[in-house]
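Subject: The structure we talked about

Hi,

Here is the structure I promised to pass on. Have a look at it first, and my notes follow underneath.

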Amino acid sequence: MKTIIRGTLGTLGLGLALSVSAGPVEDQAAFQKYYENKFPNTPVMDFQNGVYSILPEAREQWEAIEEFPPYEIAIENGEKLYHSKFANGKSLADCFGPEGAVRGQYPFWDKDRGMVITMERAVNECREANGEKPYGWKKGKIADVTAYMSFNSRGQEVKVEIPSDDPRALAAYEEGKEQFYTKRGQLNFACADCHMLTAGNLYRADTTSPAFGHATSWPVFRSKWQSMGTLHRRFAGCHTNIRANPYKAQGTEYSNLEYFVTYMSNGLEFNGPAARK
Amino acid sequence: MSSIRIKAKERNGSVDVKTLMKHNMETGLRKNKDGSKIPEHWITDVTAESGGKTVFAAAFNTSISKDPYLAFAFAGKKGDTLKISWKDNTGKTDSAETKVK
Amino acid sequence: MDRRSILKAAGTISAAAAAVAAFPRAVFAAYSEKAFKNPKIEDSLNELFGGNATTPSGDVKLKAPDIAENGAVVPIEVSTSMKADKIAFMVKENPNPLAIVADIPAGTEAIVKTRVRMGKTTQVTAIVSSNGKLYTASKEVKVTIGGCGG
Amino acid sequence: MKFLAKGLAFGMLLASPLVIAGSGSTADHIKAATDAYKQLSKDTGYQWTVTVIKIKEAQKALDAGDDKSARKLAHEAMDLVEATRQQAKIEADTWKMRVPK
């Protein structure tokens, strides 16, 4: 199987003229197949565990960390924030229900507004609609609140939809896709270079994770940060690593990228928050 | 809220204890942005008591990771009270109690 | 919620009183400057156990990764089937190798898990005190720096 | 290679006649690099951190009265903008071949 894939890629390398006519459904199937072929020993559902799905040595340490994960403190903080009353007497629970177990509904395409709505955006919009200031996008309270909501949503299926009756949704998906596959920054890396074509290889001292499953486990407590962070914080960090100026968190670029990456992981389960290196 | 989270579960007469203590555990080696050293500040001692006696105790160096994690096991049963306390080098203390599950 | 916090500012009388109340038994492992702020493992052992003669033993189980994912958070586990009264853990290349000393009173199992920091690739050693003797297990942990995660 | 060289020359002409001509004040050269960076970023979304750093260094050198270094840094920044432009141009189509089928 591996050789077939390689052969195909080789042919593609010659044929720039080939169109990208495949739709999201075909994209997704080919994407997931790619990883299943590349990592035949990884059970499909395990891809939601990031690099630990392919790296046994690191997985043992990760499991030891998960015995009492550092994000539990964030979940507790998040629970308090989630239920604390706004000035108008309401709380996030009025927007997202008693436990905020809504992770499986995001990100989604909002036809009325013509944009991708992420869970972080929905949280801040709920706050603003109730006369509160929005949280920052990358860390702190937004990460705590979404840690709580994600924790209560564990096990929900990733099933991002790209409504076929709105061409703008497909356009947003295509933008995210292009973002994923284009080389950026002075180091000239695409997301796909590290996290697809050479996923599992060492980059200096680190093994890159498969992109299949990338969007399932957020927010994340990263040892490097020694704190919680959102997916867009990580996007920005990755871009900075390859010497590309990051885009704004929750801007169109990253929201569309999240839309694409999460759609690629359809069928897995949301399992955040998580601990990562 | 206490800085200490405890999980204590009994199995076959033995209580598995896992605890996480929120503490910066400053090594004294890190520097502020202005170049001045951040003074060392860390938990030096941890004690676990159950049924009026100490069931576990430990002393830490600054090399224990931030938000220290500690796991141990002692002879006990469901419903026992377990109290865990820490003390740091500035004299601060904290403690938390839980019932064994 | 049956958790009660007695967190108090340092230096106040109540904090001092609380500290005393929380640590009624001086016989148990108490932090000691001489043992912990000491670059020499032998000296630390002398301070802790009144001797520094050690014997490697297969009965001391040390679990630590071959390659640390992150040097700031390295999970370790020390256990033994021997009847132990104290367990200690050393990180040789750290400025002060002694990381933790744990008391194992009667009725408590000889197992300790924690997470430690190590600045570079180093030998780590678990020390078990049993019947007045010290038994050890050692291994090397590689710490890599650089890349996207570290 | 021919394509690359042509693209480069073309880009430079478009973005910074000042640099090509070698005339204008160093401040102009820094501004030209800054403008070119911003315009390219706006047009294509391609933006390199190193370019911003170079521009800052150039400004710093200029402020310190080191005109020669400042000018050199400004030109290096412009080179980076041009390299970014090439990346954007190449990637406009090339990314498609990385998509698995």
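Two strands count as paired here if DSSP finds at least two bridges between them. Please keep in mind that this is a predicted model.

With that rule in hand, the place to begin is where chains B and C meet in a sheet. Strand β5 of chain B (residues 69-75) and strand β7 of chain C (residues 111-116) pair in the antiparallel sense, over two bridges. Across this pairing, B:A71 stands opposite C:K113 in β7(C). The two strands belong to an open sheet of six strands, ordered β1(B)-β2(B)-β5(B)-β7(C)-β4(C)-β2(C), with antiparallel pairing. At the edges stand β1 of chain B (4-11) and β2 of chain C (60-63); each has a single partner strand, so one side of each is left without a neighbour in the sheet. If direction is ignored, neighbouring strands of this sheet are turned by 15 degrees against each other on average.

Chain B has another strand that I would point you to, β6 (residues 81-88). Is it mostly covered or mostly open? It is mostly covered, with six of its eight residues buried. β6(B) runs antiparallel to strand β3 of chain B (residues 43-50), and seven bridges join the two. In β6(B), B:S85 is the residue opposite B:T47. β6(B) also pairs with strand β7 of chain B (residues 93-99), again in the antiparallel sense and over seven bridges. There, B:K83 stands opposite B:E97 in β7(B). β6(B) and β7(B) form a hairpin with four residues between them, and B:G91 in the turn has a positive phi of about 95 degrees.

Now to chain A. The domain assignment splits it into domain 1 (23-68 + 164-276) and domain 2 (71-152). Their C-alpha centres lie 22 Å apart, and the contact takes 24 residues from domain 1 and 23 residues from domain 2. On the domain 1 side, α8, β6 (227-229), α10 (231-241) and α11 (252-264) of chain A each supply at least two residues. The largest share there, five residues, comes from α11(A). By class, that side of domain 1 has eleven nonpolar, nine polar and four charged residues.

Also in chain A, helix α4 (residues 71-83) packs against helix α7 (residues 141-152) at an angle of about 95 degrees, with their axes 7 Å apart. Angles of 65 to 115 degrees count as roughly perpendicular, and α4(A) and α7(A) are therefore roughly perpendicular to each other. Residues of α4(A) in this contact include A:Y71, A:I75 and A:L81, while those of α7(A) include A:V145, A:Y148 and A:F151. The residues of this contact divide into ten nonpolar, two polar and three charged.

Finally, chain A touches chain D. How many residues does each chain give to the contact? Chain A gives 26 residues and chain D gives 17 residues. On the chain A side, α1 (2-14), α2 (24-38), α8 (167-181) and α9 (191-197) each supply at least two residues. The largest share of that side, four residues, comes from α2(A). The residues of chain A that touch chain D divide into twelve nonpolar, eight polar and six charged.

Happy to go through any of this with you.

Best wishes

How values were computed. Residues numbered from 1 in each chain as written. Chains lettered and ligands numbered in written order. Predicted model: local features only at pLDDT ≥ 70, side-chain atom pairs only at ≥ 80, totals over all residues. Contact = placed C-beta atoms within 7 Å. Nonpolar A, V, L, I, M, F, W, Y, C, P; charged D, E, K, R; others polar. Axes fitted to C-alpha atoms, helices over the stretch in contact; angles between N-to-C directions. Parallel < 35°, antiparallel > 145°, perpendicular 65-115°, else oblique. Buried ≥ 20, exposed ≤ 12 C-beta atoms within 10 Å, placed from the backbone. Domains from an automatic or database assignment.
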